[in-house]
Amino acid sequence: MPARLIFPMAPLTVCLLLLSASGVSGVTKKQVTQLLDNLLINYNKGFRPGHGGKPLYIRAHILIRSMGPVTEIDMSYSMQLYYRQVWYDKRLAFNLENITELQLNNKFLHNIWKPDTYFLNGKKSYQHDITVPNIFLRMRKDGRLYVSRRLTIRARCPMILRKYPMDEAICHLSLGSFGYSTDDIIYIWAHGSNSVEVTDVTMTQFEMRGLKVGNHTLYKNQAYYSILGVSFYFTRNLGFFILQTYLPCYLIVALSWISFWINRDAAPARVLLGVTTILSLAAIGMTVREGLPRVPYATALDIFLNMCLVYNLSALIEYAGVNYFTKTGPGSPPENEEDELPKTAFATSSSKVLLPLSESNTHTIENVDAQHIVESCTTKIQRKKYSGSCANAFWNCLTGNTSYRYGKNSTMDKERGLSVSRIDKVARYVFPISFGIFNSIYWCVYLLSR
């Protein structure tokens, strides 16, 4: 027969066939080629095996080679796997001596029916084609077909970030037929609960705690569809966040407390320290939120950062209170408020003179002593008046009561102007203790609920 007639008669089987068995003679190869040609003569790949009869069972198996990354910004995860399917097609059954199984080229799949499997929650998945399409096909003499594909799957993974970064993620993967209902195709796991294997998977932020497989039916388009599912359970690693977020925030908050030991007259130093720590915390907060979606609720990290910011602001406001109660600026008290101030315009040390002892001079000295006694009593009364409860002092500070401020400062001991403020002394204990209580509650709530 001329060569131009032989070439059209040889279907794709000559270039599709790959025999893995060794020692096969040339006659056997020719027999296999003729066998495949005969199998495809009346084969219609538009109909599933057993069309019109019982549903076809597709057995699936997955081998995961790598996992990650899991990204919060778009709520997705990716992994590389080998997806394997097994089904029976009696139309491809054969009987050839010494041959029980054939290993075929991936192009042979274009000539036969294959399941239209797809990933329901997939976003951007692809099959590897370097250097050739990574597909493995085996056909057994009883019509059993085994297909393995190397895929990279990127799928949706909705996450609740209320406990971030001490949260756990549950990512699902669902697969099924795109067009065949349960009347035609039913998916089952090939090895039950062991149908999804995971090799040594290492991720940066997450650690896989386990997985769970299952199957169910999905009702859509007025039909039921067989669905296979696998759920991956991840726990986030805290090492990165402790070193890059929590520890720097602790140090910045502690740095703001140094202002309680700085002299109250050093206003530039204390204000600059407070503003610097606030800006540093704000910068850390903006950095850690860059990789997070704009969720409408507060995460655990948001709560921590906001509380640290509150403590830094409180340290700055504390100095405002110290400055308000212990220091007065130049000028005189406003008019119509002199009656609120203590009357202390009496004798001073410069008015002391030595007078001869006489009856009139004795009378004058007695008057001066009386005036000193009156002045001392007036000062004690004023101190008692302006040393009320902390709530009263806070309210007058908040409302900016000028009379209260001048009255408070007029009762102070001017010779002890550089002494430590009582507010600073209290703040040295209140701030660290309350911050420690907050952190104890914070870590207990979120770590114990993991």
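Where in α4 does a kink of about 30 degrees lie? The kink is at Y246, shortly before the proline P248. The model described here is predicted.

## Overall make-up

The chain has 450 residues, and 37% of them are buried. Its secondary structure comes to ten helices and 13 strands. Of the contacts between residues at least 6 apart in sequence, 79% join residues at least 24 apart.

## Helix α4

Helix α4 covers residues 239-256, which makes 18 residues. At 1.5 Å a residue these should span 26 Å, and the end C-alpha atoms are 25 Å apart, so the span agrees with the expected value. The agreement stands alongside the kink of about 30 degrees at Y246.

The buried residues of α4 are F241, T245, Y246, C249, I252, V253 and S256. Y246, where the kink lies, is thus listed among the buried positions of the helix. The buried residues of α4 pack against one strand, β13 (223-236), and against the helices α5 (267-288), α6 (300-326) and α10 (422-448).

## Helix α10

Helix α10 has 27 residues. From its first C-alpha to its last it reaches 39 Å, close to the 39 Å expected at 1.5 Å a residue. At the start of the helix, a side-chain oxygen of S421 comes to within 3.2 Å of the backbone nitrogen of I423.

Buried in α10 are D424, A427, F431, F435, F438, N439, Y442, W443 and Y446. These buried residues pack against α4, α5 and α6. The packing of α10 on α4 also appears from the other side, since α10 is listed among the partners of the buried residues of α4.

## The open sheet

Four strands form an open sheet with antiparallel pairing, in the order β5-β9-β13-β12. β5 (117-119) and β12 (206-220) stand at the edges; each has a single partner strand, so one side of each is left without a neighbour in the sheet. From one strand to the next, the twist averages 20 degrees.

Inside this order, β9 (residues 168-177) pairs with β13 in the antiparallel sense over nine bridges. S174 stands opposite G229, which is in β13. Strand β13 is also one of the elements against which the buried residues of α4 pack.

## Strand β2 and its partners

Strand β2 spans residues 56-71 and pairs in the parallel sense with β10 (residues 185-189) over five bridges. One bridge there links Y57 to I186 in β10. β2 also runs parallel to β11 (residues 196-198), to which three bridges join it. I64 stands opposite V198 in β11.

With β3 (residues 76-88) the pairing of β2 is antiparallel, and ten bridges join the two strands. T71 has S76 in β3 as its bridge partner. β2 and β3 form a hairpin with four residues between them. In a regular strand the side chains alternate between the two faces of the sheet.

## Backbone exceptions

Most residues other than glycine have a negative phi, and most peptide bonds are trans. Several places in this chain depart from that pattern.

Which residue in the turn of the β2-β3 hairpin has a positive phi? M75 does, with a phi of about 50 degrees, although M75 is not a glycine. N98 is likewise not a glycine, and has a positive phi of about 70 degrees. N98 lies in the loop between β3 and β4 (101-104). With a relative accessible area of 74%, N98 is exposed.

Two peptide bonds are cis. The bond from G68 to P69 has omega near 5 degrees and is cis, and P69 lies in strand β2. The bond from I130 to T131 is also cis, with omega near 0 degrees. T131 lies in the loop between β6 (126-127) and β7 (135-140).

Key
Residues are numbered from 1 along each chain as its sequence is written. This is a predicted model: local features need pLDDT of at least 70, side-chain atom pairs count only at pLDDT 80 or more; totals for chains, interfaces and linings use all residues. Side-chain values use heavy atoms; hydrogens and water are left out. The expected span of a helix is 1.5 Å times one less than its number of residues. The bend at a residue is the angle between axes fitted to the seven residues ending there and the seven starting there. Buried means under 20% relative accessible area, exposed over 50%, partly exposed in between (1.4 Å probe, protein chains only). Contact means heavy atoms within 4.5 Å. A polar contact is a pair of N or O atoms within 3.5 Å; within protein, one must be able to donate a hydrogen and the other to accept it, and residues adjacent in sequence count only if both atoms are side-chain atoms. Two strands pair if DSSP finds at least two bridges between them. Axes are lines fitted to C-alpha atoms, for helices over the stretch in contact, and angles run from 0 to 180 degrees between N-to-C directions.
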